[in-house]
Amino acid sequence: MKTSRRCRTLLSVTLNFFALFFSITAFITTYWCVGTQRVPKPKCSKLRTHQCIDYGVNETDPNKVVYSWETGDDRFLFRQFHTGIWFSCEENIDDESERCRSFIDLAPPSEKGMLWLSLVSEMLYIVLLVVGFSLMCLELGHSSNVIDGLKLNAFAAVFTVLSGLLGMVAHVMYTQVFQVTVSLGPPDWRPYNWDYGWSFCMAWASFTCCMGASVTTLNSYTKTVIEFRHKRKTFEQSIREEHAQEAFGYFRERSVHSISKSVEVYSSQTPKSTRKAPIPADSLDLSDITGSLGEEQC
């Protein structure tokens with residue numbers, strides 16, 4: 001039981017470690033959602049001669065062309081962007097750098113509360129994963145003590161299950177906030193097309209590993225309790241059988257001893273009762289004997 005329980009604990013620790021690593025990586029990166037944005041081409045200059053529009057008029061000319069979002073794609077550029085929980089970064093069309101903005105500022109006012117709730121849930125998810133991982137590591141150190149190991153295993157299972165539920169809620173809420181921001185966010189940020197990135201995949205991979213660790217921990221706890229109860233039941237049954245055999249042997253020896261003692265007493269008393277005492281010759285009267293014999297003959 002000790003070896004198998006240790007193996008199950010090692011599996012839980014491994015899954016919890018991967019869940020913690022994936023969750024932290026997804027939390028600090030900005031690739032939850034990636035895509036392209038359609039922006040008007042900038043005006044041409046001496047430094048920029050391609051991917052631009054030459055207005056052909058003076059900048060102060062009131063008749064210069066004003067481009068809107070509904071015009072053709074040939075007048076627009078498509079720049080890449082990637083968004084995380086904290087920031088949204090897009091390419092800078094003037095140079096090769098990136099410009100990042102706070103995603104909290106981009107979210108509509110009606111969704112800011114849900115976004116903050118998602119952030120808090122994500123942080124609690126990571127904290128509970130750390131607590132569960134620490135308890136599982138402590139359980140490995142108490143593998144020789146079944147009772148202490150079971151207590152640590154139970155607490156680790158509870159914290160891991162709670163962290164998984166919080167992580168699922170946080171991921172779902174962020175997805176809803178991002179979809180609303182795509183429709184109601186600032187016009188200069190709204191994506192032309194978008195998809196989920198590798199950070200989003202790592203977040204759900206973390207949730208999957210967390211659920212696997214919780215199931216493994218609960219299974220280890222249940223199996224250890226069942227094995228412990230079975231061994232205790234077997235031990236108690238063997239003790240009862242041993243006591244029964246000892247009692248049977250004790251009463252058997254007592255019965256054999258009492259029977260042998262009774263036989264000895266009977267054998268010592270029987271000759272005394274059957275032996276006839278000799279009659280002295282002086283006490284015999286021959287006339288009495290002949291008289292009795294004559295009476296018997298008559």
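1. Let me start with residues 152–176, a span that is 100% helix and 0% strand in this predicted model. The C-alpha atoms at its two ends lie 37 Å apart. Within helix H4, which covers residues 146–184, you will find Gly167.

2. Gly167 deserves a look of its own. Its relative accessible area is 0%, so this glycine counts as buried, the cut-off being under 20%. If you want a distance to check in your viewer, try Gly167 to Leu124: their C-alpha atoms are separated by 8.2 Å, although the two residues are 43 apart along the chain.

3. Another span to view is residues 115–140, again 100% helix and 0% strand. Here the end C-alpha atoms are 38 Å apart.

4. On annotation, the UniProt record (an unreviewed entry) lists both of these spans under "transmembrane region", together with residues 12–32 and 196–222.

5. Now a friendly word on confidence. The protein chain has a mean pLDDT of 76, with 65% of its residues at 70 or more. Confidence is highest in strand E5 (residues 193–196), at a mean of 92, and lowest in helix H6 (residues 286–297), at 44.

6. Two stretches call for separate mention. Residues 272–277 have pLDDT below 50, and the model gives them zero contacts beyond near neighbours in sequence. For residues 289–298 the pLDDT is likewise below 50, and this stretch too has zero contacts beyond near neighbours in sequence.

Key. Residues are numbered from 1 along each chain as its sequence is written. This is a predicted model: local features need pLDDT of at least 70, side-chain atom pairs count only at pLDDT 80 or more; totals for chains, interfaces and linings use all residues. Side-chain values use heavy atoms; hydrogens and water are left out. UniProt positions are given in the numbering used here, feature names are shortened, and annotations may be inferred rather than shown by experiment. Helices (H or I, at least four residues) and strands (E, at least two) are DSSP runs, numbered from the N terminus. pLDDT is the predictor's confidence in each residue, from 0 to 100. Contact means heavy atoms within 4.5 Å. Buried means under 20% relative accessible area, exposed over 50%, partly exposed in between (1.4 Å probe, protein chains only).
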